[in-house]
Amino acid sequence: MAASYKKLWKLLIDKDMKKKDLEELAGISHYTISEIVGEMITDNETKAKAFSKWLIDVMKLSMATARGYSSAINTATPYAQEFCGLTGSIYDIDDVEILETLLEQMMADNRFAEINYQSHNRFRGAFDRYLQFSKAKNLGQVDTIYETKNPEDSFNRIEEFVREADVDGITASILSSKTGKSIWLVNKYLREQAYAIEIPNGIYVHADNVIDLFENKADIQKIIENQFDKFCGYTNDEVLMDAATISLGMFLNDNCIDTPAKFYGIVRYLFGKASKMYYFAGDKHIWKLFMTIRLYSSFQNTLKIG
């Protein structure tokens, strides 16, 4: 009967040991360790595609969300390799118990928890979905929907509706009709939510649906600062869109950002909603904060002189 090393791999994770630690303690070669781990390896690319397909076909998530969750597993893999002793990809682990132990260990790590927080809980969401997928796969029930939808339209379902709308977004008016809440209440609620990107004209996009949003934050900031240098601490949606078309073409194309208003909403989300680095006004204008303070002081002095 063939030996199973799955419990040994789980023990390595529990003890926070890496492969090289086991090699040194047991006096065995790297080649032998690779063979031990090999029994848990599956076709990585096939598994990733199956996961994405399950998210779209079974869980009824948008293509952008499925793509985001699938890529999150790949993004988390180097961290698991460096700090958790993982061999290969997270997709390579075919044992649900071992997978669950690894993912829980990563989420308990303060460094990774901070990465997850900065990504608006993207990795936690991806891990939960992937565990759900893996358990369903083991039970031969990958085609079964495990979520029971709440029949009541309420604020609890707003995030679900926004997420399902993909990068096109959904209007406050439609959300109002879906939930039975007034447009005013819907707007008030969403403006308090960390995931909600508000596009001018009352459209909301889920931050998780925007591909490489935070990866492009620094480049977007460079564009803004360049505009501030040219226009004395001021810019607007059309000027920003023109500049972004030149240097961020792939980001704009991947996320169907084809209007200045949509790009303005994303910029306001990145630098106004959370960080409050700049001053946004009229769904169009952006000022550097020191400029607004200077203008206000100048106005006050003018009033005193008058």
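This is a chat about the helices, strands and buried residues of a predicted model.

Me: Before we start, what should I know about the model and its numbering?
Reply: The model is predicted, so to speak: local features need pLDDT of at least 70, side-chain atom pairs count only at pLDDT 80 or more, and totals for chains, interfaces and linings use all residues. Residues are numbered from 1 along each chain as its sequence is written, and side-chain values use heavy atoms, with hydrogens and water left out.

Me: OK, how many helices and strands does the protein have?
Reply: There are 16 helices and six strands. Both are DSSP runs numbered from the N terminus: helices are H or I with at least four residues, strands are E with at least two.

Me: And how much of the protein is buried?
Reply: Of its 306 residues, 43% count as buried. Buried means under 20% relative accessible area, exposed means over 50%, and partly exposed is in between (1.4 Å probe, protein chains only).

Me: What about the surface, how big is the exposed area?
Reply: About 16,500 Å² is exposed, and carbon and sulfur atoms supply 54% of it. Areas like that come from the Shrake-Rupley method with a 1.4 Å probe; for residues, only the protein chains shown count as cover.

Me: Switching to cysteines. How many disulfides are there?
Reply: Zero. A disulfide here would be a pair of cysteine sulfur atoms within 2.5 Å.

Me: Cys84 and Cys232, buried or exposed?
Reply: Cys84 is buried, at 6% relative accessible area, while Cys232 is exposed, at 59%.

Me: Tell me about helix H5. What span should it have?
Reply: H5 covers residues 63–84, and its 22 residues should span 32 Å at 1.5 Å a residue. The expected span is 1.5 Å times one less than the number of residues. The end C-alpha atoms of H5 are 30 Å apart, which agrees.

Me: Where does H5 bend?
Reply: At Ala76, by about 30 degrees, with a proline, Pro78, following within four residues. The bend is the angle between axes fitted to the seven residues ending at a residue and the seven starting there.

Me: What comes after H5?
Reply: Gly85 follows H5, and its phi is positive, near 75 degrees.

Me: Which residues have a positive phi although they aren't glycines?
Reply: Asp166 is one of them, at about 60 degrees, and Asn201 has a phi of about 80 degrees. Asp166 is in the loop between helix H9 (158–164) and strand S1 (170–171). Asn201 is in the loop between strand S2 (196–199) and strand S3 (203–206).

Me: Are those two buried or exposed?
Reply: Asp166 counts as buried at 19% relative accessibility, whereas Asn201 counts as exposed at 71%.

Me: You mentioned strands. In what order do they sit in the open sheet?
Reply: Three strands form that sheet in the order S1-S3-S2, with antiparallel pairing. S1 and S2 stand at the edges with a single partner strand each, so one side of each has no neighbour in the sheet. Two strands pair if DSSP finds at least two bridges between them.

Me: How many bridges join S2 to S3?
Reply: Four. One of the partnerships is Ala196 with His206 in S3.

Me: And what's going on with S5 and S6?
Reply: S5 (residues 278–281) and S6 (residues 285–288) run antiparallel and are joined by four bridges. Ala281 has His285 in S6 as its bridge partner. Their hairpin has three residues between the strands, and Gly282 takes a positive phi near 65 degrees there.

Me: New topic: Ile266. Where is it, and what is it in contact with?
Reply: Ile266 is in helix H15 (residues 260–273), and at 3% relative accessibility Ile266 counts as buried. Leaving aside neighbours within four places in sequence, Ile266 is in contact with Ile197, Ile199, Val210, Leu213 and Ile257. Contact means heavy atoms within 4.5 Å.

Me: How far apart are the C-alpha atoms of Ile266 and Val205?
Reply: They are separated by 9.1 Å, with the two residues 61 apart along the chain.

Me: Last one: which residues of H8 are buried?
Reply: Among them are Phe123, Phe127, Tyr130, Leu131, Phe133 and Ser134. The C-alpha atom of Ser134 is 9.7 Å from that of Ile93, 41 residues away along the chain. Ile93 is in the loop between H5 and helix H6 (96–108) and is buried at 5%.
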